[in-house]
Structure formats: C-alpha cells, structure tokens
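Trainee: I should be grateful for a close look at one single part of this structure. Please begin with one contact and work outwards from there.

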Amino acid sequence: MGLRMTTSVLKVIAALLADPTAERYGLQLMDATGLPSGTLYPILVRLEHAGWVRSEWETIDPVAEGRPSRRYYRLTAEGETEARREVAAMHQQLTRGTGTTQPGLTT
C-alpha cells in the first residue's frame, strides 16, 4: 500500500526512526513531532494499515497505576526499511531541488 508522504508523515516516521526498536506512545510522539493528536493518530492508523507500524495496548491496572492504559507504537521491519527509503528519497528530491548536499552525503 502506497503512503502519501506529507511533511507530517515524514515527521512521524523520522521520530520512529530515531530509535526503531523503541515502543512509543502517542504523547511521546506528539512531543517528538510537534503534531497535535488529531493529526498524529490518523497518520499512525495509516502507517499501521500499510504494515509499517504495529501497535499494542499495555496491560496495566489503571487504578493501581493512576493513569489509563497506553497504546504503544513501533516500526515493523518492513516499516523501518520503507521509512528509510522514503526519507532518503525525500532528501534526494530536496537536494536536487536546491543543489545542496550535506557533508558526508552524496546524491
């Protein structure tokens, strides 16, 4: 399934790629991306439907913990591969458009 790569989607996948093995919950991702919940969660749903992200509810006793259960999100192996490919493609488009490169990167 092809995903439309918007700036917001790229922010989410960049946040997930910062530590691909980490499981993050929504508030952490909102802080990392600067996106509001109304933008973030639909993106996570699309990424999950595409097979790039898996999610899982934590199993806690909300009364004992004093907070509701969190839903954790993590890149799948396929999602990590595809996310890296998309970020590289976007970087290539941007550097081609501006004619600049970053040190250590080639186009």
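Mentor: Let us begin with a charge and a ring. Arginine 70 lies over the face of tyrosine 25, at 4.0 Å from the ring centre. This description belongs to a predicted model, and every value given here is computed from that model.

The ring of tyrosine 25 has a further neighbour. The structure holds one aromatic pair. Its members are tyrosine 25 and tyrosine 72, whose ring centres are 5.6 Å apart; since their planes meet at 80°, and an angle over 60 degrees counts as edge-to-face, the pair is edge-to-face. The pair links distant parts of the chain, for tyrosine 25 belongs to strand 1 (residues 24-25) and tyrosine 72 to strand 3 (residues 71-75), with the two positions 47 residues apart in the numbering. Tyrosine 25 and tyrosine 72 are both buried.

The backbone brings these two residues together as well. Tyrosine 25 stands opposite tyrosine 72 in strand 3. Strand 1 and strand 3 run antiparallel and are joined by two bridges. In general, the strands of a sheet pair through backbone hydrogen bonds, in either a parallel or an antiparallel manner.

Tyrosine 72 also has a partner in another strand. The bridge partner of glutamate 56 in strand 3 is tyrosine 72. Strand 2 (residues 53-57) is joined to strand 3 by five bridges, and these two strands run antiparallel.

We may now view the sheet as a whole. It is an open sheet of three strands in the order 1-3-2, with antiparallel pairing. Strand 1 and strand 2 are the edge strands, as each pairs on one side only.

The sheet is one portion of a chain that contains five helices and three strands. Read from the N terminus, the elements follow the order α-β-α-α-β-α-β-α. Of the 107 residues in the protein chain, 32% are buried.

Two buried residues in the helices deserve attention. Alanine 15 is found in helix 1. Its relative accessible area is 11%, and the limit for a buried residue is under 20%, so alanine 15 is buried. Alanine 15 and glutamine 28 are 13 residues apart in sequence, and their C-alpha atoms are 9.5 Å apart in space. Glutamate 86 lies in helix 5. With a relative accessible area of 17%, glutamate 86 also falls under the 20% limit and is therefore buried. Glutamate 86 and leucine 3 are 83 residues apart in sequence, yet 9.8 Å apart in space from C-alpha to C-alpha.

Helix 1 and helix 5 appear again at the largest pocket. Helix 1 (7-17) and helix 5 (77-98) each supply at least two residues of its lining. The largest pocket has a volume of about 160 Å³. Its lining consists of Thr7, Leu10, Lys11, Ala14, Val87, Met90, His91 and Leu94. These lining residues divide into five nonpolar, two polar and one charged.

To return to the starting point, tyrosine 25 has arginine 70 over the face of its ring, and tyrosine 25 stands opposite tyrosine 72 in strand 3.

Key. Residues are numbered from 1 along each chain as its sequence is written. This is a predicted model: local features need pLDDT of at least 70, side-chain atom pairs count only at pLDDT 80 or more; totals for chains, interfaces and linings use all residues. Side-chain values use heavy atoms; hydrogens and water are left out. On a 1 Å grid over the protein atoms alone, a cavity is a set of points where a 1.4 Å probe fits but cannot get out, and a pocket is an open set with protein on both sides within 12 Å along at least five of seven lines; lining residues have an atom within 4 Å of a point. Grid points are joined across faces, edges and corners, and a volume is the space filled by probe spheres set on the points. Helices (H or I, at least four residues) and strands (E, at least two) are DSSP runs, numbered from the N terminus. Ala, Val, Leu, Ile, Met, Phe, Trp, Tyr, Cys and Pro count as nonpolar, Asp, Glu, Lys and Arg as charged, and the others, Gly among them, as polar. Rings of Phe, Tyr and Trp (its six-membered ring) pair if their centres lie within 6.5 Å; planes under 30 degrees apart count as stacked, over 60 as edge-to-face and the rest as tilted. Buried means under 20% relative accessible area, exposed over 50%, partly exposed in between (1.4 Å probe, protein chains only). A charge sits over a ring if NZ of Lys or CZ of Arg is within 6 Å of the ring centre and within 35 degrees of the ring normal. Two strands pair if DSSP finds at least two bridges between them.
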